[in-house]
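Subject: Structure handover and what was found in it

Dear colleague,

I am passing the structure below on to you, together with an account of what was found in it. Please read the notes alongside the coordinates and tell me where you would like further detail.

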Amino acid sequence: FEFELFDLMSGYLAFPSDVRTFAPVSDGIFVGSENETVFLHGKDPAEFDRRQVAEYGTVLGTEKEIPEYYVLDENRRVLGPQMMWASKHGICLGTDGGRLQNLTGGRYILPDGVVTGASLLKVRGGTPQLVVSLFS
């Protein structure tokens with residue numbers, strides 16, 4: 001909160017609502033707010049390419065890095081470390097290149113009033129499971 005140490009007029013990225021999720025992958029960052037999820041492609045904030053990847057927001061505190069050996073592409077190749085989080089419309093997987101996949105969309109309804117949560121990755125019988133606890 002030492003606002004005198006930086007320039008409030010430059011060097012920041014504005015979002016229309018509070019940021020709830022900050023999920024980095026190897027070539028950018030997924031940023032979730034109350035009303036949308038965007039992907040900031042690039043390694044230098046001065047050169048970020050901003051692209052909306054979902055028209056719905058995320059749940060604060062639910063982002064979790066998934067080890068690379070649990071996430072494979074359609075050819076069963078390792079994709080590298082990726083991120084998962086809870087959104088207002090289901091559990092999402094964010095991968096390199098800004099690809100977002102809603103894994104539970106249509107089957108998952110977020111109760112009204114939920115804005116925070118916590119996640120953990122659990123492996124049971126060799127199968128990874130994302131466990132999400134939601135708070136209202």
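A residue is called buried here when its relative accessible area is under 20%, exposed when it is over 50%, and partly exposed in between. On that scale F6, with a relative accessible area of 47%, is partly exposed, because this value falls between the two cut-offs. F6 sits in the segment before strand 1, and together with F3 and L5 it makes a nonpolar surface patch of about 350 Å².

Before going further, please keep in mind that this is a predicted model. The chain has a mean pLDDT of 87, and 95% of its residues reach 70 or more. Among the elements of the chain, the highest mean pLDDT, 96, belongs to strand 3 (residues 37–41), while the lowest, 89, belongs to strand 10 (residues 127–135).

Strands 1 to 4

Strand 1 (residues 19–25) pairs with strand 2 (residues 28–33) in the antiparallel sense over 6 bridges, and the two are joined by a hairpin through 2 residues. Within this pairing T21 stands opposite G32 of strand 2. G32 in turn stands opposite T37 in strand 3, where strand 2 and strand 3 run antiparallel and are joined by 5 bridges; these two strands form a hairpin as well, with 3 residues between them. The pattern continues from strand 3 to strand 4, which pair in the antiparallel sense over 5 bridges, with T37 standing opposite A54 of strand 4. As for its surroundings, strand 3 is largely enclosed by the rest of the structure, because 4 of its 5 residues are buried.

Salt bridges

How many salt bridges does the count come to? The count comes to 2 salt bridges. One of them is formed by E34 with R20, whose closest N and O atoms are 3.9 Å apart; the pair links distant parts of the chain, since E34 lies in the loop between strand 2 and strand 3 and R20 lies in strand 1, 14 residues apart. If you wish to consider the surroundings of this pair, E34 counts as partly exposed at 26% relative accessibility, whereas R20 is buried at a relative accessible area of 14%.

A salt bridge is also formed by E36 with R50, and here the closest N and O atoms are 3.4 Å apart. E36 lies in the loop between strand 2 and strand 3 and R50 in strand 4 (residues 49–54), so this pair ties together parts that are 14 residues apart in sequence. In this pair E36 is buried, with a relative accessible area of 13%, and R50 counts as partly exposed at 38% relative accessibility.

I91 and T104

I91 is found in strand 7 (residues 90–95) and counts as buried, because its relative accessibility of 12% is under the 20% cut-off. Leaving aside residues up to four places away in sequence, I91 touches M84, W85, A86, Q101, N102, L103, T104, L130 and V132. By way of contrast, the C-alpha atoms of I91 and R77, which are 14 residues apart along the chain, are separated by 22 Å.

T104, which is among the contacts of I91, lies in the loop between strand 8 (99–102) and strand 9 (116–124). Is T104 buried or exposed? With a relative accessible area of 19%, T104 is buried, because the value is under 20%. Apart from residues up to four places away in sequence, T104 touches G90 and I91.

S119

S119 is found in strand 9 and is buried, with a relative accessible area of 18%. Setting aside neighbours within four places in sequence, S119 is in contact with G61, T62, K64, L130, V131 and V132; L130 and V132 also appear among the residues that I91 touches. S119 and N35, by comparison, are 84 residues apart in sequence and 21 Å apart in space, taken from C-alpha to C-alpha.

With kind regards

Conventions. Residues numbered from 1 in each chain as written. Predicted model: local features only at pLDDT ≥ 70, side-chain atom pairs only at ≥ 80, totals over all residues. Heavy atoms only, no water. Buried < 20%, exposed > 50% of the residue type's maximum accessible area, 1.4 Å probe, protein only. Contact = heavy atoms within 4.5 Å. Pairing = 2+ DSSP bridges. Patch = residues over 30% accessible without salt bridge, like charges linked within 9 Å, V, L, I, M, F, W, Y side chains within 5 Å. Areas by Shrake-Rupley, 256 points an atom, 1.4 Å probe, with all protein chains shown as cover. Salt bridge = Lys/Arg side-chain N within 4 Å of Asp/Glu carboxyl O. pLDDT = per-residue confidence, 0-100.
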